[in-house]
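Trainee: Got a minute to go through this one with me? I'd like to talk about confidence, packing and rings.

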Amino acid sequence: MLSVYIAILIITLVFAFVIAEVKRTYATKGVLSNTTVCAVWLLYILHGVTAVYAAWHAIWSLPISTAISHSFAWAFLIAGLTLVLAGIFSFRSIRRMSGLDTNVLITAGVYRYSRNPQNAGWGLVLLSIALLGRSGLALLLAAMFWLMFRIYVPLEEKYLEQVFGEAYREYCAETPRFLGWP
């Protein structure tokens, strides 16, 4: 169990590093470094693995019936994975998806309905993991992801506005930040 708390500490430290690097890079209108991108991927992987571990072991067990928690969990999992995969396919490039290539503003596909479908989807996946395991700690990790996401998004949006100007402002006016109809 101590390893879970150490993982949460590492997640927090990696997130602090990522935010500092993103702020520095975006302030100079630069492209994210390979180190920063690797740290972001590490953050997602470690966060997901820690949530799965907490759910698997039902750490801080939630008093919810299995039938109810699983019904919601499977719906959230399907919706979340659909958003994540649709977002990935819309980018058509791992470099572009990771912020290493900022030559094209993606506004088609699932990006018509959300400016952040992959992260909204990942948040739903984490919520589904917590519900499947009926784990309060996994639920806290899902909430932690949403908080980190809320801190990160304004930095990215400011950068995208600098890079794409009026085209990005129009896109923001037409497309919800998380989920909705254009």
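Mentor: Sure, let's take those topics in turn, bearing in mind that this is a predicted model.

Trainee: What is the mean pLDDT of the protein?

Mentor: The mean is 93, and 99% of the residues reach 70 or more.

Trainee: Which elements have the lowest and the highest mean pLDDT?

Mentor: Helix H4, residues 94-97, has the lowest at 83. Helix H5, residues 117-133, has the highest at 97.

Trainee: Okay, packing now. At what angle do H1 and H6 pack?

Mentor: About 5 degrees, with the axes 10 Å apart. H1 covers residues 2-27 and H6 covers residues 136-164. Angles under 35 degrees count as roughly parallel, so that is what H1 and H6 are to each other.

Trainee: Which residues meet there?

Mentor: From H1 you have, among them, Val4, Ile8, Ile11, Phe15 and Tyr26. The H6 side includes Leu137, Met144, Met148, Ile151 and Tyr159. The residues of this contact divide into 15 nonpolar, 2 polar and 2 charged.

Trainee: On to the rings. How many aromatic pairs are there?

Mentor: The count comes to 11. One of them is Tyr44 with Trp122, an edge-to-face pair with 6.3 Å centre to centre and 70 degrees between the planes. That pair links distant parts of the chain: Tyr44 sits in helix H2 and Trp122 in helix H5, 78 residues apart.

Trainee: Why does Tyr44 count as partly exposed?

Mentor: Because its relative accessibility is 27%, and partly exposed runs from 20% to 50%.

Trainee: And why is the pair of Phe149 and Phe178 edge-to-face?

Mentor: The planes are at 65 degrees, so the pair is edge-to-face, as the cut-off for that is over 60. The ring centres are 5.4 Å apart. This pair also links distant parts of the chain, with Phe149 in helix H6 and Phe178 in the segment after helix H7, 29 residues apart.

Trainee: Is Phe149 buried or exposed?

Mentor: Buried, with a relative accessible area of 3%. Phe178 is partly exposed, at 24%.

Trainee: Which residues do ring pairs link into a cluster?

Mentor: Tyr44, Trp122, Phe145, Trp146, Phe149 and Phe178. Both pairs we just went through have their residues in that cluster.

Trainee: Last topic: where does Ser98 lie?

Mentor: In the loop between H4 and H5. Ser98 is buried, with a relative accessible area of 13%.

Trainee: What does Ser98 touch?

Mentor: Leu32, Val37 and Trp41, leaving out residues up to four places away in sequence.

Methods
Residues numbered from 1 in each chain as written. Predicted model: local features only at pLDDT ≥ 70, side-chain atom pairs only at ≥ 80, totals over all residues. Heavy atoms only, no water. pLDDT = per-residue confidence, 0-100. Helix = DSSP H or I, 4+ residues; strand = E, 2+ residues; numbered from the N terminus. Axes fitted to C-alpha atoms, helices over the stretch in contact; angles between N-to-C directions. Parallel < 35°, antiparallel > 145°, perpendicular 65-115°, else oblique. Contact = heavy atoms within 4.5 Å. Nonpolar A, V, L, I, M, F, W, Y, C, P; charged D, E, K, R; others polar. Phe/Tyr/Trp six-rings, centres within 6.5 Å; stacked < 30°, edge-to-face > 60°. Buried < 20%, exposed > 50% of the residue type's maximum accessible area, 1.4 Å probe, protein only.
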